[in-house]
Amino acid sequence: MTPDSDHRQIEGYDTPDAASHLALGVTLTEVVSPAPREDWFDIWSSDPFALPTQGPDWMLAATSLGPYRDSSRFYRFSDGVRAVLPLFSRPGVPAILQYLASPPPAWGYGGLVSDRPLMPAHYAIVVADLRKRNALQVSIRPNPFTSHYWKNVEGRGILFLSKRAHVLELSEDFGTIRAKRFSSNARRHLKTAQAAGLEVVSGHDPEIIQEFHGLLMQSFDRWAAQQGEPALLARLRGTRRDPLEKFLAIARTIGPQMKIYLARLDQRPAAAIIVLFGRNAHYTRGAMDKALAGPTAANYLLHATAIEEACRRGCGTYNMGETGQSKSLADFKEKFGAVGVDYSEFRLERLPITRIDSLLRTTVKRLLGMKDA
């Protein structure tokens, strides 16, 4: 059997960490890859921190487009805990040259979901299993709320990339959140949006997806101008990362779990956001016509509408996605009461792939005269 289609019983690992696992009373008893869908769905549904991008339907959406294959791994531990690691590989690539990703770039968050809380020993066992895949690189961009467990894992070839996201906890009803957690500035912008006569529609049908993607193409041009990138190159990169077919495939696969909120002014698209719903909500994409969205504060109205629905659906959090080091993005998200969460992307490498990639990107930017926006 291949490493990505095995179903085997495992008594333990002959790694330096094996003794510490046994000392804590935790061993790995079973690994199945790809993860059985029913088990995965059950585990994902029971994890209070799980995001929509960590579920089995998200895997179906990504693999329906290619060039990805389902290499997810189901783990059963001796203490009865079950966990799944959503993991993507490239079909037709030998194991020694594989890039394993959880998830691939521009596909949200991955990392482990489990039916009971995990301990550092569980993570160390999973990393030991991933080492046996002998891939060139394993990249895991975990749920920000659980990333600190990955940080406890040590060993050769491991590195961590600092990241920052913003998350709004939905422990109260929307009316209370709006009154107490939204800043006075955000509430003023909402009044501006309501007075502007914006029409807000929502759904996941092909027509609204096409309107969103049209705004996204405009955003590619705006971002290119901000960082001094040739517009054609920005569009090529943007459509390679986020083609129209990607959002159509997501809508076909997860249906009402995906919702686009679109604001129109005089029947013209002004701004749109994509929000994914599960036990927690995840804002994953936004785009706008700045000339229309800026004066009407359309983005404030869209996020408020999405947050209200997340509260109505009983979501635990509203994850507002990556912020990085952008002060303007952080300020915008914090006006809704979202809090910055520092976390780390985990990588396991046989060769210094990340360092080489960073050097190449920096060199290309320098040659093109680009700057970080």
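This passage describes helix packing, strand pairing and local backbone geometry in a predicted model.

Helix α10, spanning residues 244–254, was examined together with the elements around it. Its buried residues are Lys246, Phe247, Ala249, Ile250, Ala251 and Ile254. The elements that cover these buried residues of α10 include the helices α3, α8 and α9, together with the strands β12, β13 and β14, the last of which comprises residues 281–288. In an α-helix there are 3.6 residues to a turn, so residues three or four places apart point the same way. Directly after α10, Gly255 adopts a positive phi of about 55°.

One of the covering helices, α3 (residues 56–65), packs on α10 with an interaxial angle of about 140° and an axial separation of 9 Å. With angles over 145 degrees counted as roughly antiparallel, the arrangement of α3 relative to α10 is therefore classed as oblique. The crossing of α3 over α10 is right-handed. On the α3 side, the contact is formed by Asp57, Trp58, Leu60, Ala61, Ser64 and Leu65, and on the α10 side by Glu245, Lys246, Ala249, Ile250, Thr253 and Ile254. Sorted by class, the residues of this contact between α3 and α10 comprise seven nonpolar, two polar and three charged. Of the α10 residues in this contact, Lys246, Ala249, Ile250 and Ile254 are among those that are buried.

Leu65 offers a closer view of this packing. This residue belongs to helix α3 and has a relative accessible area of 35%, so Leu65 is classed as partly exposed. Apart from neighbours within four places in sequence, the contacts of Leu65 are with Trp107, Glu245, Lys246 and Ala249. Of these partners, Glu245, Lys246 and Ala249 also take part in the contact of α10 with α3. Leu65 and Glu245 are separated by 180 residues in sequence, while their C-alpha atoms lie 7.9 Å apart in space.

A second helix pair is formed by α8 (residues 206–227) and α9 (residues 231–241), which pack at an angle of about 130° with their axes 9 Å apart. This angle makes α8 oblique to α9. The passage of α8 across α9 is again described by a right-handed crossing. From α8, the contributing residues are Met217, Gln218, Phe220, Asp221, Trp223, Ala224 and Gln227, and these meet Ala231, Ala234, Arg235, Arg237, Gly238, Thr239 and Arg241 of α9. The contact of α8 with α9 contains six nonpolar, four polar and four charged residues. Both helices of this pair are also included among the elements covering the buried residues of α10.

Among the strands, β9 (residues 137–140) is covered on both faces. In a regular strand, side chains alternate between the two faces of the sheet. In β9, Gln137 and Ser139 lie on one side, Val138 and Ile140 lie on the other, and all four are buried. Strand β7 (residues 99–102) pairs with β9 in the parallel sense over four bridges, and Ser102 stands opposite Ile140 of β9. Strand β9 also pairs with β16 (residues 339–349), in this case in the antiparallel sense and over four bridges. Within β16, Glu349 is the bridge partner of Gln137.

Several positions in loops were noted for their backbone geometry. Most residues other than glycine have a negative phi, and most peptide bonds are trans. The bond from Ser102 to Pro103 is cis, with omega near -5°. Pro103 lies in the loop between β7 and β8, the latter being residues 113–114. A cis peptide bond also joins Ser33 to Pro34, with omega near -5°. Pro34 is located in the loop between β2 (28–32) and α2 (37–46).

Positive phi values occur at two loop residues other than glycine. Asn134, with phi near 60°, is situated in the loop that connects α4 (120–131) to β9. The relative accessibility of Asn134 is 36%, and this residue therefore counts as partly exposed. Gln267 has phi near 70° and is found in the loop between β12 (258–265) and β13 (268–276). With a relative accessibility of 71%, Gln267 counts as exposed. The strands β12 and β13 on either side of this loop are also included in what covers the buried residues of α10.

Notes: Residues are numbered from 1 along each chain as its sequence is written. This is a predicted model: local features need pLDDT of at least 70, side-chain atom pairs count only at pLDDT 80 or more; totals for chains, interfaces and linings use all residues. Side-chain values use heavy atoms; hydrogens and water are left out. Axes are lines fitted to C-alpha atoms, for helices over the stretch in contact, and angles run from 0 to 180 degrees between N-to-C directions. Angles under 35 degrees count as roughly parallel, over 145 as roughly antiparallel, 65 to 115 as roughly perpendicular and the rest as oblique. A crossing is left-handed if the near helix is turned anticlockwise from the far one by less than a right angle, and right-handed if clockwise. Contact means heavy atoms within 4.5 Å. Ala, Val, Leu, Ile, Met, Phe, Trp, Tyr, Cys and Pro count as nonpolar, Asp, Glu, Lys and Arg as charged, and the others, Gly among them, as polar. Buried means under 20% relative accessible area, exposed over 50%, partly exposed in between (1.4 Å probe, protein chains only). Two strands pair if DSSP finds at least two bridges between them.
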